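Biologist: I'm new to this structure and would rather see one piece properly than skim the lot. Could you pick a single strand and walk me through what lies around it?

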Amino acid sequence: MKRKAKTMGATQSHNASSAAGPSASQSQEELFPLPLEILEEIFLNLPPHQVVKNCRLVCHQWEEVADSESLWRERCNREGFRPRDGSKKPKDWRLFYFLTRKRRNLLKNPRGEHGMKNWQILENGGDNWKAEQVLEPHPNETVQKNFVTSYGMCKKSQLINLEKENYNPSLMDQFQPDIKISDWYAPRWDCGCQYEICVELLNQRKEPIRKFAPETVYFEQWNDQKWNQMTYVFQNYGPGVRYIRFIHGGKDTQFWAGWYGIRVTDSCVEICPPGDT
């Protein structure tokens, strides 16, 4: 819907000195006589953080435009940010814009393309962790490598510092955006194995606030070795979340030398707009 045009600064000053120029008593609105439609177009061509941090503080009219649904809906449209479910409209288009703009996988080296880089090894049993080419084609054709476990328990982890990833405490506490977890895992067809995952939301002291730790998944020998996806979404988790700890792993259950245990790849932790997971 088009915004009805109206001008800023329609009020005339009754101060006699106004003829010589604007006086200190004049409101800021009188200094910027722009129709709101034009002002909105200007804001659409400015960096978004500048609109929020600077422009909206100038005067009431600028604040109105900077906070308007139409501004952020149009910004999303121009930059191609759309809800994944087209039938659902965001309740807060500005929040949707900024969270979509930031959205990315917060885990580093999730597919083993750089060996074990960025991962902390918690347990390295049997013949240790190994990164190798996928044994079974992954549903996502771009995934060509995975991590594989051995005959002793293998676990690895990453600790995500949300503030370092540009998710500041006020954003996390006030809006509590959805936190989506995803992990792909697969067995070998000729060997039984097990898979485990644990993801924790931690406070500033790195103490758990919420935890996702489903039961261990077991695979029998002579299975179809297909890829499986584990997903979970943290919602309404309360204030104080500053870190996310991601842990996964497993082993083979037949104690065969080599790498016959569970395979994992394409692990993902995302901060998402509410309801857009």
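Modeller: Sure, and one term first: two strands count as paired when DSSP finds at least two bridges between them. Keep in mind, too, that this is a predicted model. My pick is strand S6, residues 193-202. Is it buried or exposed? Ten of its ten residues are buried, so the strand is largely enclosed by the rest of the structure. Look along it and you'll see the side chains split into two sets. Cys193, Tyr195, Ile197, Val199 and Leu201 point one way, while Gln194, Glu196, Cys198, Glu200 and Leu202 point the other way. Both sets are buried.

Now for the strands that pair with S6. Strand S10, residues 243-252, runs antiparallel to S6, and ten bridges join the two. One spot to find is Cys193, whose bridge partner in S10 is Asp252. S6 also pairs with strand S7, residues 208-212, again in the antiparallel sense, this time over four bridges. There, Leu201 has Arg210 of S7 as its bridge partner. S6 and S7 form a hairpin with five residues between the strands, and in that hairpin Lys206 takes a positive phi near 65°. Then there's strand S8, residues 217-219, which is antiparallel to S6 and linked to it by three bridges. For a landmark, go to Gln194: its bridge partner in S8 is Tyr218.

Let's zoom in on one residue, Glu200, which has its place in S6. Why does a glutamate like Glu200 count as buried? The cut-off for buried is under 20% relative accessible area, and Glu200 comes out at 9%, so it falls in that class. What does Glu200 touch, once you leave aside neighbours within four places in sequence? Its contacts are Pro208, Arg210, Lys211, Tyr243, Ile244 and Arg245. Place these on the strands we've just met: S7 covers residues 208-212, and S10 covers residues 243-252. Arg210 turns up twice here, as a contact of Glu200 and as the bridge partner of Leu201.

Follow Arg245 and you can step outward from S6. In S10, Arg245 stands opposite Leu159, and that takes us to strand S4. S4 and S10 run antiparallel and are joined by eight bridges. S4 spans residues 154-161 and also pairs with strand S1, residues 120-124, over four antiparallel bridges. Find Asn124 there and you'll see it opposite Cys154 of S4.

For a bit of context, there's also an open sheet of five strands, in the order S2-S3-S11-S5-S9, with antiparallel pairing. Its edge strands are S2 (130-133) and S9 (228-234), each pairing on one side only. Neighbouring strands of this sheet are turned by 35° against each other on average, ignoring direction. Within it, S3 (residues 145-148) and S11 (residues 263-272) pair over two antiparallel bridges, and Val148 stands opposite Arg263 of S11.

To come back to where we started: S6 is a buried strand, with antiparallel partners in S10, S7 and S8.

Methods: Residues numbered from 1 in each chain as written. Predicted model: local features only at pLDDT ≥ 70, side-chain atom pairs only at ≥ 80, totals over all residues. Heavy atoms only, no water. Axes fitted to C-alpha atoms, helices over the stretch in contact; angles between N-to-C directions. Buried < 20%, exposed > 50% of the residue type's maximum accessible area, 1.4 Å probe, protein only. Contact = heavy atoms within 4.5 Å.
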